[in-house]
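User: I should like to learn how to read local features in a structural model. Please take me through a case step by step.

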Amino acid sequence: MRIFNGIEFLMFLLTIGMFVEFLLKFIQKLVGTIFPEHLETLLNAAMSDVGKFIKIVVLVVLVLVIPELLKRLMKDKIINLLRSIHGTFVFRRFLKQYQPSASTGEEMISIAENHAISKFNYSVHYAVLDFSGNSIKLYIKVPHSAQAQKILKEYEVQIKEEISNLYPEYLISTFERKKHQLWLIGTKRK
């Protein structure tokens, strides 16, 4: 699951590329022969470049996904990969903090809180939950700002409790911090 965030970004690029390709085809059909010849040539070149971009992104995604799938097939189960993907999205949604609405008298405090919350949410966006074999691992990127780290520290107990409630078949350890990474590891009950 180390490739999860990279694949997520590549899928975003793929979606944008497909949208641009669709838009260019739509423009080509809509306008048809109204374009001068050199603009039509430019449009065809752009469509060709977007098509190549899409093919490269698909190729990179496949190069990243196939080894993960083979590893899961040989040493684990594919269902654990699907559980990891689903669990990651569920857990990111759980961790996301929403900014309080600012009242007129407390705008300066609200701005500082908003900055800390946005830094916290940025780090939480990279959280990954991984099921493999008989273990579960939660990776959370530790924010660099002290206020955002304080928010994360305040939620450690809730995070551990949420993991325990979502996956009661696992025994969850305490958090381990390694540089700017926070790990929560659990093992399957016998």
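Analyst: The discussion below treats one helix face, one helix pair, a set of paired strands and a turn. Please bear in mind that this is a predicted model.

User: Let us begin with helix 5. Which of its residues are buried?

Analyst: The general idea comes first. An α-helix has 3.6 residues a turn, so residues three or four places apart point the same way. In this structure, helix 5 spans residues 146-154, and its buried residues are Ala148, Ile151 and Leu152. These buried residues line one face of helix 5, because they fall within an arc of 100 degrees when seen down the helix axis.

User: Which residues are exposed on the other side of helix 5?

Analyst: Ala146, Lys150, Lys153 and Glu154 are exposed there.

User: How should I read a helix pair? At what angle do the axes of helix 3 and helix 6 cross?

Analyst: One may take the geometry of the axes and then the residues in contact. Helix 3 (residues 78-95) and helix 6 (residues 156-166) have axes that come within 12 Å and cross at roughly 145 degrees. The crossing of helix 3 with helix 6 is right-handed. From helix 3, the contact involves Val90, Phe91, Phe94 and Leu95, and from helix 6, Gln158, Ile159, Glu162, Ile163 and Leu166. By character, the residues of this contact comprise 7 nonpolar, 1 polar and 1 charged.

User: Now the strands. In which sense do strand 2 and strand 5 pair?

Analyst: Strand 2 (residues 135-141) pairs with strand 5 in the antiparallel sense, over 7 bridges. Within strand 5, Gly186 is the residue opposite Ile136. Strand 3 (residues 170-172) also runs antiparallel to strand 5, and 3 bridges join them. There, Leu171 has Thr187 of strand 5 as its bridge partner.

User: How many bridges link strand 4 and strand 5?

Analyst: Strand 4 and strand 5 pair over 3 bridges, in the antiparallel sense. Trp183 in strand 5 stands opposite Glu176. The two strands, strand 4 and strand 5, form a hairpin with 2 residues between them.

User: What is the phi of Lys179 in that turn?

Analyst: Again, the general idea is needed. Most residues other than glycine have a negative phi. Lys179, in the loop between strand 4 (176-178) and strand 5 (181-188), has a phi near 55 degrees, a positive value in a residue other than glycine.

User: Is Lys179 buried or exposed?

Analyst: Lys179 has a relative accessible area of 76%, and exposed means over 50%, so Lys179 is exposed.

Methods: Residues are numbered from 1 along each chain as its sequence is written. This is a predicted model: local features need pLDDT of at least 70, side-chain atom pairs count only at pLDDT 80 or more; totals for chains, interfaces and linings use all residues. Side-chain values use heavy atoms; hydrogens and water are left out. Buried means under 20% relative accessible area, exposed over 50%, partly exposed in between (1.4 Å probe, protein chains only). Helices (H or I, at least four residues) and strands (E, at least two) are DSSP runs, numbered from the N terminus. The arc is that of the directions from the helix axis to the C-beta atoms. Axes are lines fitted to C-alpha atoms, for helices over the stretch in contact, and angles run from 0 to 180 degrees between N-to-C directions. A crossing is left-handed if the near helix is turned anticlockwise from the far one by less than a right angle, and right-handed if clockwise. Contact means heavy atoms within 4.5 Å. Ala, Val, Leu, Ile, Met, Phe, Trp, Tyr, Cys and Pro count as nonpolar, Asp, Glu, Lys and Arg as charged, and the others, Gly among them, as polar. Two strands pair if DSSP finds at least two bridges between them.
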